[in-house]
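Biologist: Hey, I'm new to this one. Can you pull it up and walk me through it?

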Amino acid sequence: MKLTAAELKAGYEARTVLDGLSLEVPPGRLTVIVGPNACGKSTLLRTLARLLKPRGGAVLLDGQSIHELPPRQVAQRLGVLPQAPLVPEGLSVSDLVSRGRQPYQRWWQQWSKEDEAAVAEAMRDADVADLAERPVESLSGGQRQRVWIAMALAQQTEALLLDEPTTYLDLAHQVEVLGLMRRLQRGGRTVVAVLHDLNQAARYADHIVAMRDGSIAAEGAPPDVFTESLVREVFGLDCVIARCPVSGAPQVVPK
Amino acid sequence: MRYAVLVLVLCAAVVASVSLGDIAVPPMDVLQSLLFGGGEYDLVVRELRWPRTLLAAVGGAALAIGGALIQSVTRNPLASPDIIGITQGAGLAATIALTTGIVSVAPAATAGGLLAAAAVFAFGGAQTSRRFVLAGVAIAFALRAGIEIVLTSAETLDAQRAQIWLIGSLNGRGFEEAAPIGVVLALTMAPLAWAAWALRTTSLDDDVARGIGVRPVARRYGLAALGVVIAATATAQIGAVDFVALVAPQLAQRLSKRERPPIVASALIGATLVVFADLLGRRLLAPTQLPAGVLTAALGAPYLVYLLLKRRRA
């Protein structure tokens, strides 16, 4: 599966955020988009995920523009976790995860064994099977985030796009969600996430997309992107690059 | 299981409504007369009470379905047809029809309800719930003022007839009024089956809904339009029977422990409420008849207060 952005233009009302951005998402890898606030990283992810309609250019899924395909078809191939979604009151975990089967269902069809199996597998993969009967609003932030990911997994898509999945979580839960993203990528999926924390990005990503002012400032493996000069250029931060004692990944230490 | 209980309660209310009156008919004779006919009670049961009871049940079910759809779409328990102007639109049109005699009441009222809903959609859109409800409340007040203007400038007798219509009474109504509601419900069977399925995503954020392949705005417009047509049809036939469209879906949601009001349970509870309200209205101060709309308002208002208090605590 190949997900690409070609000459993408997007924005909100009078503001143009992306002005002709092109990107090839490496298939089967974990790509992390980083950049300072308001650099357009969420706009890029939202446009890739079909949550935002581009003003020009296209997002191509194996050469076809996703904004011209039927939404159901796209939802069978691209899963999305939007930023901080509102939790509906009164839904249990399994109820919410089962909503992920929507793109495979028609109103005249029954809930099938396949649907049931997909939901069970998604809950197992996201490690929320034990919570199946609990109301989603009673869960902690980290558990909720895993439930949303489980819902996207129930869509059985080849690619998963996550918009700031670790924001608002405490550190242990952040690591939990990052580990889950890594496992999903190893399981064969293409994963794209927007992250704020550069060190987490460097440690978990296969591929980094660093953005500034609506365009891509640098792209590549973490050691190639996280250099002292690039961090200064993109984030306006003077830093030293250290090695992570656990993984050897580059770590950005402010001066 | 729960549905069986709701059906039984509705049946009990229907039998009680047909059985009780100035001439009391034993429940077994009610069933005998309704199912087979040919007993001494046929006139009372089949001609007088059953048509009115059937209208109450069908009308109540339709109001509740309309309410359930509109509440789900707006994610707001207050967004029922009698709060957001549909009932007032039907009321204004009916008042004009009754005081001028230019057009017949029911078609005018249906058109009035639909026009009011169209105005609410035009001003409020289906993008955000708050804007939609506020537009609805504003339009409801404007239409209510319109009704008062027409009433004060009308002949006394015409104004009285309009008043009775506005309160929502089933007195002297029956099959003729039940038929249009029944036809609309029958015609919307397939759309309603779709709605019961489509409602599964209305409690989700738009972005989440888009992610699972739904067009959330289009879906909301479709569901709301269906609810509006059904509610306007019912209101045009039985008048403003207040609070049913608001309370029945809320009760159904609580009983089913879902995140949204279920359609079938809402319909059963709405039917039961109106049948019961009409029975109470007939018997409470007999021989004086209280309109069903007065009873539903008297029962519904305290429930609304309870709902608000409970929300504040939560």
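Modeller: Sure. Keep in mind that this is a predicted model. Let's start with two strands in chain A: β7 (residues 159-163) and β8 (residues 190-194) are joined by five bridges.

Biologist: Do those two run parallel or antiparallel?

Modeller: Parallel. For one pair to look at, take A:Leu161, whose bridge partner in β8(A) is A:Val192.

Biologist: What sheet do they belong to, and in what order do its strands come?

Modeller: They sit in an open sheet of six strands in chain A, ordered β6-β7-β8-β3-β9-β10, and the pairing is mixed. At the edges you find β6 (78-81) and β10 (215-220) of chain A, each pairing on one side only.

Biologist: How much are neighbouring strands turned against each other?

Modeller: By 15° on average, ignoring direction.

Biologist: And which strands does helix α6 of chain A lie across?

Modeller: Helix α6 (residues 171-186) lies across β3 (30-34), β7 and β8 of chain A. Its angle to β8(A) is about 155°.

Biologist: Switching topic: what's the volume of the second largest pocket?

Modeller: About 420 Å³. It is lined by 18 residues, and the closest to its centre are B:Ile65, B:Leu192, B:Ile263, B:Val264 and B:Ala267.

Biologist: Which elements give two or more residues to that lining?

Modeller: Three in chain B: α3 (42-74), α9 (189-198) and α13 (263-283).

Biologist: How many of the lining residues are nonpolar, and how many are charged?

Modeller: By class, 16 are nonpolar and two are charged, with no polar ones in the lining.

Definitions and conventions:
Residues are numbered from 1 along each chain as its sequence is written. Chains are lettered from A and ligands numbered from 1 in the order in which they are written. This is a predicted model: local features need pLDDT of at least 70, side-chain atom pairs count only at pLDDT 80 or more; totals for chains, interfaces and linings use all residues. Side-chain values use heavy atoms; hydrogens and water are left out. Two strands pair if DSSP finds at least two bridges between them. Helices (H or I, at least four residues) and strands (E, at least two) are DSSP runs, numbered from the N terminus. Axes are lines fitted to C-alpha atoms, for helices over the stretch in contact, and angles run from 0 to 180 degrees between N-to-C directions. Contact means heavy atoms within 4.5 Å. On a 1 Å grid over the protein atoms alone, a cavity is a set of points where a 1.4 Å probe fits but cannot get out, and a pocket is an open set with protein on both sides within 12 Å along at least five of seven lines; lining residues have an atom within 4 Å of a point. Grid points are joined across faces, edges and corners, and a volume is the space filled by probe spheres set on the points. Ala, Val, Leu, Ile, Met, Phe, Trp, Tyr, Cys and Pro count as nonpolar, Asp, Glu, Lys and Arg as charged, and the others, Gly among them, as polar.
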